[in-house]
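Some notes on this entry follow, as numbered points. Please read them with the coordinates open.

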Amino acid sequence: MGITAAVVGSQFPELLHANPYGKPIGLQLYTLRDQLEKDVPGTIKHISAIGIHDVEIYSLYGKPAGEFSKILKDNGVTASSGHYLLPSIKENWDKQIEDAKVLGLQYMVLAILDEKDRGSFDDFKRLAELLNTTAENTKKAGIQFCYHNHNFEFKKYGDTTAYDYLLKTLDPKLVKFEMDCFWVTHAGQDPVEYFQKFPGRFPLLHIKDMKAKSVASQELDAKMGLFAPVGRGTIDWPRIFKAAREGGMEHYYIEQDYCEQSPLEAVKLSYDYLKGLKV
């Protein structure tokens, strides 16, 4: 007698899903920055047609939060997260929180540090103090604050790295992490080991592939030729997604910094791979 889908679904519900764990396949809109600069409504309509209905915002492209939110809603798209730069945190965070509430964001993420803000270990110590305070204000608004990594956080400072220091120093109730699996891997580290060492700290993941295994680097070197659509590179995604639940994953977003094909084509390739990925 064969095993029915109902039996499988009752005992192992995740096996009925592609899209790892049945979660929506999201997109970091930075991937389509050039297209969005020219045509926000048309670009959002296109990603919705691909099948992507959750995004992480990178910019509003000069539009008020309410107008941008309406464009998303008109196309059946939600924004669960948004990226922000350090000057916004220091200078007008209250306004950013107001806009985030209009957009319906669940997460607000520090996207990247300028080179002048990460020149020494003391810079990261000062950053930790700032982010704990920032995250308190964010939490009061009902939004989770997160930190997004690149590879420069894995530079050694004595017996630690900036990334490990932040994970150990930032209040785990206030600051969580958006792990960029590409940059962790490119830095010579293992995302799975971090999920296991710091369970529950990584509700957000960036999913982008590495075209070919490269020499580990802790210096930011984003450029054409490093990146590939998800599933077309060398990163072991089934292994990462199997461990991601322990890390606390709630959302994941396709991102590709530079695309050798059209960015929309790259997004479609990544989406198709993730849609069929079972863990």
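1. In this predicted model, a cluster held together by ring pairs takes in Tyr 147, Phe 154, Tyr 163, Phe 177, Tyr 194, Phe 195, Phe 198 and Phe 202. Across the whole structure the search returns 20 aromatic pairs. One of them joins Trp 183 and Phe 227 in an edge-to-face arrangement, with 6.0 Å centre to centre and 75 degrees between the planes. This pair connects distant parts of the chain, 44 residues apart: Trp 183 belongs to helix α9 (residues 181-186) and Phe 227 to strand β11 (residues 227-228). Both Trp 183 and Phe 227 are buried.

2. Next, strand β12. It spans residues 251-254 and is covered on both faces. His 251 and Tyr 253 lie on one side, Tyr 252 and Ile 254 on the other, and all four residues are buried. As a general point, side chains in a regular strand alternate between the two faces of the sheet.

3. Which strands pair with β12 in the parallel sense? Strand β1 (residues 25-28) does so over three bridges, and strand β9 (residues 204-207) runs parallel to β12 and is joined to it by four bridges. Tyr 253 of β12 takes part in both pairings: it is the bridge partner of Gly 26 and also of His 206.

4. Is Ser 80 buried or exposed? The residue sits in strand β3 (residues 78-84). Its relative accessible area is 2%, which is under the 20% cut-off, so Ser 80 counts as buried. Leaving aside neighbours within four places in sequence, Ser 80 is in contact with Asp 54, Val 55, Leu 105, Gln 106, Tyr 107, His 251 and Tyr 253. Among these contacts, His 251 and Tyr 253 are the β12 residues placed on one side of that strand in point 2.

5. The largest pocket holds about 330 Å³ of space. Its lining consists of Ile 57, Tyr 58, Ser 59, Leu 60, His 83, Tyr 84, Leu 85, Ser 88, Gln 96, Asp 99, Leu 103 and Ala 111. Strand β3 and helix α6 (93-103) each supply at least two residues of this lining, and α6 gives the most, with three. By class, the lining has seven nonpolar, four polar and one charged residues.

6. For the second largest pocket, the volume is about 260 Å³. It is lined by 16 residues, of which Tyr 30, Tyr 58, Ile 112, His 150 and Asp 257 are the closest to its centre. The lining divides into eight nonpolar, five polar and three charged residues. Tyr 58 also appears in the lining of the largest pocket.

7. How many cavities of 30 Å³ or more does the whole structure contain? The search finds one, and about 30 Å³ of space lies in this largest cavity. Leu 85, Leu 86, Pro 87, Ile 112, Leu 113, Asp 114 and Asp 117 line it. Five of these lining residues are nonpolar, two are charged and none is polar. Two names recur from the pockets: Leu 85 is listed in the lining of the largest pocket, and Ile 112 is among the residues closest to the centre of the second largest pocket.

Terms used: Residues numbered from 1 in each chain as written. Predicted model: local features only at pLDDT ≥ 70, side-chain atom pairs only at ≥ 80, totals over all residues. Heavy atoms only, no water. Buried < 20%, exposed > 50% of the residue type's maximum accessible area, 1.4 Å probe, protein only. Pairing = 2+ DSSP bridges. 1 Å grid on protein atoms, 1.4 Å probe; cavity = no way out; pocket = protein on both sides within 12 Å on 5 of 7 lines; lining within 4 Å. Points joined across faces, edges and corners; volume = space filled by probe spheres on them. Nonpolar A, V, L, I, M, F, W, Y, C, P; charged D, E, K, R; others polar. Contact = heavy atoms within 4.5 Å. Phe/Tyr/Trp six-rings, centres within 6.5 Å; stacked < 30°, edge-to-face > 60°.
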